[in-house]
Amino acid sequence: FWALGRLALLVSFIMPAMQYLAHPYVSRGGAESFTTRSSIVLGGIIAFSAIIVFSGVLAPKLWASILGDSYENTYKYVPLALSAACISIVSRTIYTLIIASGETTFISASVPVGITVQIVMYTTNPINSVFTAYMFTIAASLAVCSVHLCNLLRSNLLLRRRRNVRLQEGL
C-alpha cells in the first residue's frame, strides 16, 4: 500500500500547476467567465486523470516497474492506486475552483461527509488488505469530491444570479 502511494506522489505533480496557473486563470475572468473557465480547468484535469487511470489499467506492470523490482507483484493494485490519486487530484482541483469563486460558505461540509463515509466503510469493511485500504480511500475521496462538486455548482449558480441582477439593474 505504501509503496503504491509513491505512484500517487508521482501523479500529483500536476497540483502545483492547479494552484499557480488554474486558480489565477479562473479568478482573472471574473463572474462573467467563471463557469466557462472553471469548466475548461475541470475538464482538463478530468481528462488528465482518465488518461492516467486508463494507462494503469492497460499497463499496470509498467507503472509497478517504476517502484522497482521488489514491487513487481503490486501491479494488480496499480489501477486502484492511480484511481485513488486521481480522485484526490480532481477533488483538490474542484476545491481550488471553489476558492477562486469566492463562494466558500459550505466548503467545510466535506469534512463531516468524509469522516462519516470513513466510519461507515471501516465498520462494514475492516481494512485487512491492500484492496480494502484502497476502497476505503476511494470511497472517502469520492464523498469529499461529491460535496466539492455540489459546492462548485452552487458557486456557479450564485455567481450567475449576481451577474443577472447586475445586468437587470443596469438596464
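Let's start with Asn151 and look past its neighbours within four places in sequence: what is left in contact with Asn151 is Ile98, Phe106 and Ile107. Keep in mind that this is a predicted model. Asn151 belongs to helix 7, which covers residues 130–170. Is Asn151 buried or exposed? Its relative accessibility is 7%, and buried means under 20%, so Asn151 counts as buried. Its side chain also has a polar partner: one of its polar atoms lies 3.0 Å from the backbone oxygen of Phe106.

Okay, let's step back to the whole protein. You can count seven helices and zero strands, so to speak an α-α-α-α-α-α-α pattern when you read along the sequence. The C-alpha atoms fill a box of roughly 70 × 35 × 20 Å along the principal axes. Of the 171 residues, 39% are buried. And if you take contacts between residues at least 6 apart in sequence, 75% of them join residues at least 24 apart.

Now please find helix 2, residues 15–28. From first C-alpha to last, its 14 residues reach 19 Å, close to the 20 Å expected at 1.5 Å a residue. Where does helix 2 kink? Look at Ala22: there is a kink of about 30 degrees there, shortly before the proline Pro24. Ala22 is also buried, along with Met15, Met18 and Val26 in this helix. Here is a handy rule: an α-helix has 3.6 residues a turn, so residues three or four places apart point the same way. What covers the buried residues of helix 2? The cover includes helix 3 and helix 5. Just after helix 2 comes Gly30, with a positive phi near 75 degrees.

One residue to look at in helix 5 is Thr96. Thr96 has a relative accessible area of 11%, under the 20% cut-off, so it is buried. Beyond its neighbours within four places in sequence, Thr96 touches Met18 and His23.

Finally, let's put helix 3 and helix 5 side by side. Their axes are 9 Å apart, and they pack at an angle of about 170 degrees. Angles over 145 degrees count as roughly antiparallel, so that is how helix 3 runs relative to helix 5. If you want to trace where they meet, the helix 3 side includes Phe34, Ile45 and Val57, while the helix 5 side includes Val78, Ile89 and Ser101.

Notes:
Residues are numbered from 1 along each chain as its sequence is written. This is a predicted model: local features need pLDDT of at least 70, side-chain atom pairs count only at pLDDT 80 or more; totals for chains, interfaces and linings use all residues. Side-chain values use heavy atoms; hydrogens and water are left out. Helices (H or I, at least four residues) and strands (E, at least two) are DSSP runs, numbered from the N terminus. The expected span of a helix is 1.5 Å times one less than its number of residues. The bend at a residue is the angle between axes fitted to the seven residues ending there and the seven starting there. Buried means under 20% relative accessible area, exposed over 50%, partly exposed in between (1.4 Å probe, protein chains only). Contact means heavy atoms within 4.5 Å. A polar contact is a pair of N or O atoms within 3.5 Å; within protein, one must be able to donate a hydrogen and the other to accept it, and residues adjacent in sequence count only if both atoms are side-chain atoms. Axes are lines fitted to C-alpha atoms, for helices over the stretch in contact, and angles run from 0 to 180 degrees between N-to-C directions. Angles under 35 degrees count as roughly parallel, over 145 as roughly antiparallel, 65 to 115 as roughly perpendicular and the rest as oblique.
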